[in-house]
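Visitor: Please show me this structure, and tell me where the words for its parts come from.

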Amino acid sequence: MKTTIHLKLDRQTPFANGHEFGATGPYERILGKIEFAIDPKDPANQNVVDLDKAPHNKYGLVEFSGDLDILKPVDMRRGNQRILYDVNNRGNKTILPHMNDAEPGPDPMTLAHAGNGFLMRHGYTMVWSGWHGDLLPINGLLTAELPEATENGKRLQGTIRQEFIVEQPGVLSMPLSGDLSIRNYEAVNLNTSQAFFTRRRRETDPREPIGPKEWAFAEANVDQSTGSTTIKASASSCYLKSGFKPGWIYELIYKTEGSRIMGLGLIGIRDLISFLRYETHDSEGYPNPLAEHVEKAY
């Protein structure tokens, strides 16, 4: 059974106030989500780790979804019939700043976001999609909703290693993911003696152990008006009493649970591009906005 795809497009809007890009003409943005349902028994999907542990729908298919963003000529006949897919970096769109010397931004809408207009004048259709399953939908990042693997009805547990590097002094706590935009792998045990925490100045330096009484699975909140600090136990944060030294490498090894099937994000890229290039409608009859106007996809 081939992948089932459903488009959920909720926004179609002119780009750059209808600016004409040479012979290609004006561009438009189409935004929404794309939902996938794949056959876990399909040989083409067997390289996805833990796919056999994914939840199934009533048809035995594995479901997931991601953000979808398309920047295309209003009149596709005036384009070059080429998709240029931007494999976004941690949810950030990169192709327009890199290829057009454009102003970066998560929501390209203005002429400044077109930069020198190179890709538009040549008629390319730009496509972005969410494929990182560990990102949170903040600051306009492209995200994907990927299922968790389970075994005997329970979330998977295991040991994880995380690094922290801070740039500014005065940082007392860090999310276990190392960044507020990344989902945490929460600790299943807040007893610090059951974890291993170290620091080192340089990558090749020996690790210096940090004693279990010097830190905690906790979050530090500073009251800006009084300067007082409140420490609250947390399965998703790491608190260091002496504070994190800027530039130092901190490494935490601890037990966690919950493992998203990250390889599905790449399956989504594969099947999205195939759909946009070859199909006329999705599984529910919704039209492919690029149908019959794509000869190649890069």
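Guide: Let's start with a definition: a residue is buried under 20% relative accessible area, exposed over 50%, and partly exposed in between (1.4 Å probe, protein chains only). Two notes on the numbers: this is a predicted model, where local features need pLDDT of at least 70, side-chain atom pairs count only at pLDDT 80 or more, and totals for chains, interfaces and linings use all residues. Residues are numbered from 1 along each chain as its sequence is written, and side-chain values use heavy atoms, with hydrogens and water left out.

Visitor: Why is Arg-260 called partly exposed?

Guide: Its relative accessible area is 22%. That value sits between the 20% and 50% cut-offs, so Arg-260 is partly exposed.

Visitor: Where does Arg-260 lie, and which residues is it in contact with?

Guide: Arg-260 is part of strand β18. Contact means heavy atoms within 4.5 Å. Setting aside its neighbours within four places in sequence, Arg-260 is in contact with Gly-133, Glu-145, Leu-146, Pro-147, Glu-148 and Arg-183. As for His-293, 33 residues apart from Arg-260 along the chain, the two C-alpha atoms are separated by 35 Å.

Visitor: What makes β18 a strand, and how many helices and strands are there in the chain?

Guide: Helices (H or I, at least four residues) and strands (E, at least two) are DSSP runs, numbered from the N terminus. The edge strand β18 covers 259–260, so it meets the cut-off of at least two residues. The protein chain has four helices and 19 strands.

Visitor: How do you know that β7 and β18 pair?

Guide: Two strands pair if DSSP finds at least two bridges between them. Strand β7 (residues 148–151) and β18 have two bridges, in the antiparallel sense, so they qualify as a pair. Within that pairing, Ser-259 in β18 is the bridge partner of Ala-149.

Visitor: Which strands make up the open sheet around β7, and which are its edges?

Guide: Three strands, in the order β8-β7-β18, form this open sheet with antiparallel pairing. The edge strands are β8 (154–155) and β18, each pairing on one side only.

Visitor: What makes β10 and β13 edge strands in their own sheet?

Guide: That open sheet has three strands in the order β10-β16-β13, and the pairing is antiparallel. β10 (173–175) and β13 (215–216) each have a single partner strand, so one side of each is left without a neighbour in the sheet. Two bridges join β13 to strand β16 (residues 237–240); Ala-216 stands opposite Tyr-239 in β16.

Visitor: How do you know that β14 and β15 pair?

Guide: They share five bridges in the antiparallel sense, so the rule of at least two is met. Among the partners in β15 (residues 229–233), Thr-229 goes with Val-222 and Ala-233 with Ala-218. The two strands form a hairpin with six residues between them, and Gly-227 in the turn has a positive phi of about 80°.

Visitor: What makes something a pocket rather than a cavity?

Guide: On a 1 Å grid over the protein atoms alone, a cavity is a set of points where a 1.4 Å probe fits but cannot get out, while a pocket is an open set with protein on both sides within 12 Å along at least five of seven lines; lining residues have an atom within 4 Å of a point. The largest pocket here has 24 lining residues, with Ser-173, Met-174, Pro-175, Asp-179 and Leu-180 nearest its centre. Two or more lining residues come from each of β9 (157–164), β10 and β14 (218–222). β14 gives the most, with four residues.

Visitor: How does the lining of the largest pocket divide by class?

Guide: Ala, Val, Leu, Ile, Met, Phe, Trp, Tyr, Cys and Pro count as nonpolar, Asp, Glu, Lys and Arg as charged, and the others, Gly among them, as polar. That gives eleven nonpolar, nine polar and four charged residues.

Visitor: Which residues are closest to the centre of the second largest pocket?

Guide: Of its 18 lining residues, those are Lys-2, Thr-3, Thr-4, Ile-5 and Glu-279. Helix α4 gives the most to this lining, with four residues. By class, the lining has five nonpolar, six polar and seven charged residues.

Visitor: What share of the whole chain is buried?

Guide: Buried residues make up 48% of the 298 residues.
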